[in-house]
Each structure stands twice: as structure tokens, then as C-alpha cells.
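User: Hi! I have a model open and would like a close look at one part of its surface, followed by a tour of whatever surrounds that part.

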Amino acid sequence: MDDRVEVVVRKLEHLPPDRLAEVEDFIDFLSQKDRERHARQDFARGTEASFQRIWDNDEDAEYDKL
């Protein structure tokens, strides 16, 4: 186990149950935030090829310079 994880576990062992619930909620929040970020990145990568045909054309080349 990573040393930092061990330190956190030792600290958690001293928290009262209501504080442990708060910590668990915060961990869930961080996990959800990471999942959403990954989903946005995956979506952007997935749509990039589709939009490339629209974005990359001679008619709009002037806008590329902006």
C-alpha cells in the first residue's frame, strides 16, 4: 500500500462516524467528478473526427487565422 494511503487510513481510524460519512461523501464526489471529466474527454475525442470535415475546409480557412 502507498505510504500516503497508510497515513490517510491511520487518520481515518481516529475520526468519529459522522466525520467518516463526510469523508466518504467527499471521496464519492471526487470519483464522480473524475468520471464526468473522463466522459467529456471521451466525447470530445469521439466527435473530433466528425467535426474535422466541417472545420477543415477552404471556405473557412480565413477563420483559422483569427
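Which residues make the nonpolar surface patch of about 280 Å²? Please start there, then walk me along the chain through the charged side chains.

Analyst: Happy to! Please keep in mind that this is a predicted model. The nonpolar surface patch is made by M1, V5 and V9, and its area is about 280 Å². V5 is a good place to begin. This valine lies in helix α1, which spans residues 3-12. V5 has a relative accessible area of 38%, so it counts as partly exposed. That value also fits the rule for patch members, because a patch takes residues with over 30% relative accessible area and no salt bridge.

Now for the charged side chains around this part of the sequence. R4 and D2 meet through their side chains in a salt bridge, with 3.5 Å from N to O. The two partners sit in different accessibility classes because the limit for exposed is over 50%. R4 has a relative accessible area of 64% and is therefore exposed. D2, with 38%, is partly exposed. Helix α1 also holds R10, and this arginine is partly exposed at 46% relative accessibility. R10 gives a handy sense of scale too: its C-alpha atom is separated by 60 Å from that of E62, and the two residues are 52 apart along the chain.

Let's move on to helix α2, which covers residues 17-55. A search of the whole structure finds 4 salt bridges, and helix α2 contains the pair D34 and R37. Their side chains meet in a salt bridge at 3.4 Å, N to O. The spacing in sequence is worth noting: D34 and R37 are 3 residues apart in the helix, so about one helical turn separates them. In accessibility, D34 comes out as partly exposed at 36%, and R37 is likewise partly exposed at 34%.

Further along the helix, R45 forms a salt bridge with D42, and their closest N and O atoms are 2.6 Å apart. Here too the spacing is 3 residues within helix α2, about one turn. R45 counts as exposed at 55% relative accessibility, whereas D42 is partly exposed at 46%.

The same stretch offers a contrast in T47, which has its place in helix α2. T47 has 19% relative accessibility and so counts as buried, because the cut-off for that class is under 20%. A polar atom of the T47 side chain lies 3.3 Å from the backbone oxygen of A44. If you are looking at side-chain rotamers, that is a pleasant detail to display alongside the salt bridges.

Finally, past the end of helix α2, we come to a patch of another kind. D56, D58, E59 and D64 form a negative surface patch. One of its members, D56, lies in the loop between α2 and α3, where α3 covers residues 61-64. D56 is exposed, with a relative accessible area of 55%.

To put the picture together: the nonpolar patch is made by M1, V5 and V9, and R4 is joined to D2 by a salt bridge. Helix α2 carries the D34 and R37 pair, the R45 and D42 pair and the threonine T47. The negative patch then brings together D56, D58, E59 and D64.

Key. Residues numbered from 1 in each chain as written. Predicted model: local features only at pLDDT ≥ 70, side-chain atom pairs only at ≥ 80, totals over all residues. Heavy atoms only, no water. Patch = residues over 30% accessible without salt bridge, like charges linked within 9 Å, V, L, I, M, F, W, Y side chains within 5 Å. Areas by Shrake-Rupley, 256 points an atom, 1.4 Å probe, with all protein chains shown as cover. Lys, Arg positive; Asp, Glu negative; His and termini not counted. Charge placed at Lys NZ, Arg CZ, Asp CG, Glu CD. Helix = DSSP H or I, 4+ residues; strand = E, 2+ residues; numbered from the N terminus. Buried < 20%, exposed > 50% of the residue type's maximum accessible area, 1.4 Å probe, protein only. Polar contact = N/O pair within 3.5 Å; in protein donor to acceptor, adjacent residues only side chain to side chain.
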